[in-house]
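Q: Could you go through this one with me before I set anything up? I'd like to start with the charged side chains and then move around from there.

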Amino acid sequence: MICHDCQSALPELLLDPVASSHGAAREHLNSCAACNQEFQSLKATFALLDTWQAPEPSPYFDQKLAVRLREAQALPAAGWLERMRSRLLFNSGRQFRPAVAGALAVAFLVAGGTFADLSGFPHPAKAQISATVNDLQILDKNDQALQTMNLLLQDDNSSNDSSALAPSS
């Protein structure tokens, strides 16, 4: 057993020292001085806590508490901003769940309608391109491709020529 595991088992060992599941921890305490010192310190702390007695509450504690609660209830209500701030800080957010659910439903409807193109707005129809214009566009694209190929071939030839002319060392 390592020291970390032994130290995590010390409180259980202190509360139930005869349990058979703490055998490895007891063996580690016999071999490790630091863990044994930690165990003795915990044992002394528990012994000190056993001698401490809680003070008795005042016999008028309940009456004083009731008076203070009535005084707190009789105070004028805080401003709107203060009430909203305290609600946001100290509540569970349960009252906002319907509003959040409604906002999410609206967001899903808008997103779904947009995706399904249910907006109802007329979209401009794509202009019909005649076959002649389409053929001319294809030829233009082919011409651009051929010009690009020629440039690439010229670049390859010029690089081959320059490498052939380079002096060898």
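Q: How many salt bridges does the count come to?
A: The count comes to one salt bridge, taking that term to mean a side-chain nitrogen of Lys or Arg within 4 Å of a carboxyl oxygen of Asp or Glu. Please keep in mind that this is a predicted model, in which local features need pLDDT of at least 70 and side-chain atom pairs count only at pLDDT 80 or more, whereas totals for chains, interfaces and linings use all residues. Residues are numbered from 1 along each chain as its sequence is written, and side-chain values use heavy atoms, with hydrogens and water left out.

Q: Which residues form that salt bridge, and how far apart are the closest N and O atoms?
A: Arg-85 pairs with Glu-82, and their closest N and O atoms are 3.3 Å apart. The two residues sit three apart in helix H5 (residues 80-90), which means a separation of about one helical turn; helices here are DSSP runs of H or I with at least four residues, and strands are E runs of at least two, numbered from the N terminus.

Q: Is Arg-85 buried or exposed?
A: Neither, strictly: Arg-85 is partly exposed at a relative accessible area of 48%, and Glu-82 is also partly exposed, at 40%. The scale calls a residue buried under 20% relative accessible area, exposed over 50% and partly exposed in between, with a 1.4 Å probe and protein chains only.

Q: OK, on to the packing. Which residues make up the largest nonpolar core?
A: It has ten residues, namely Cys-6, Ala-9, Leu-10, Leu-13, Leu-14, Ala-25, Leu-29, Cys-32, Cys-35 and Phe-39, where a nonpolar core is a set of buried Ala, Val, Leu, Ile, Met, Phe, Trp, Tyr and Cys residues joined through side-chain atoms within 4.5 Å. Helices H1 (3-15), H2 (23-31) and H3 (33-51) each supply at least two residues of this core, and H1 gives the most, with five. In soluble globular proteins, nonpolar side chains tend to be buried together.

Q: What covers the buried residues of H1?
A: The cover includes H2 and H3, and the buried residues of H1 are Cys-6, Ala-9, Leu-10, Leu-13 and Leu-14.

Q: And where does H1 bend?
A: H1 bends by about 40° at Ala-9, with a proline, Pro-11, following within four residues; the bend is the angle between axes fitted to the seven residues ending at a position and the seven starting there. Its 13 residues nevertheless reach 19 Å from first C-alpha to last, close to the 18 Å expected at 1.5 Å a residue, the expected span being 1.5 Å times one less than the number of residues.

Q: Back to the core for a second: what is Leu-13 in contact with?
A: Leaving aside neighbours within four places in sequence, Leu-13 is in contact with His-22, Ala-25, Arg-26, Leu-29 and Phe-39, contact meaning heavy atoms within 4.5 Å.

Q: Where does His-22 lie?
A: His-22 lies in the loop between H1 and H2, and at 8% relative accessibility it counts as buried. Beyond its neighbours within four places in sequence, His-22 is in contact with Glu-12, Leu-13 and Asp-16.

Q: What about the other histidine, His-28?
A: His-28 lies in helix H2 and is buried, with a relative accessible area of 10%. With neighbours within four places in sequence set aside, His-28 is in contact with Met-1, Ile-2, Cys-3, Cys-6 and Cys-35.

Q: Plenty of cysteines there. How many disulfides does the structure hold?
A: The structure holds zero disulfides, a disulfide being a pair of cysteine sulfur atoms within 2.5 Å. Cys-3 is in no disulfide, and the nearest cysteine sulfur, that of Cys-35, is 3.7 Å away.

Q: Why is Cys-32 not bonded to Cys-35?
A: Because the sulfur of Cys-32 is 3.6 Å from that of Cys-35, its closest cysteine sulfur, which is too far for a bond. Cys-32 counts as buried at 14% relative accessibility, whereas Cys-3 is partly exposed at 34%.
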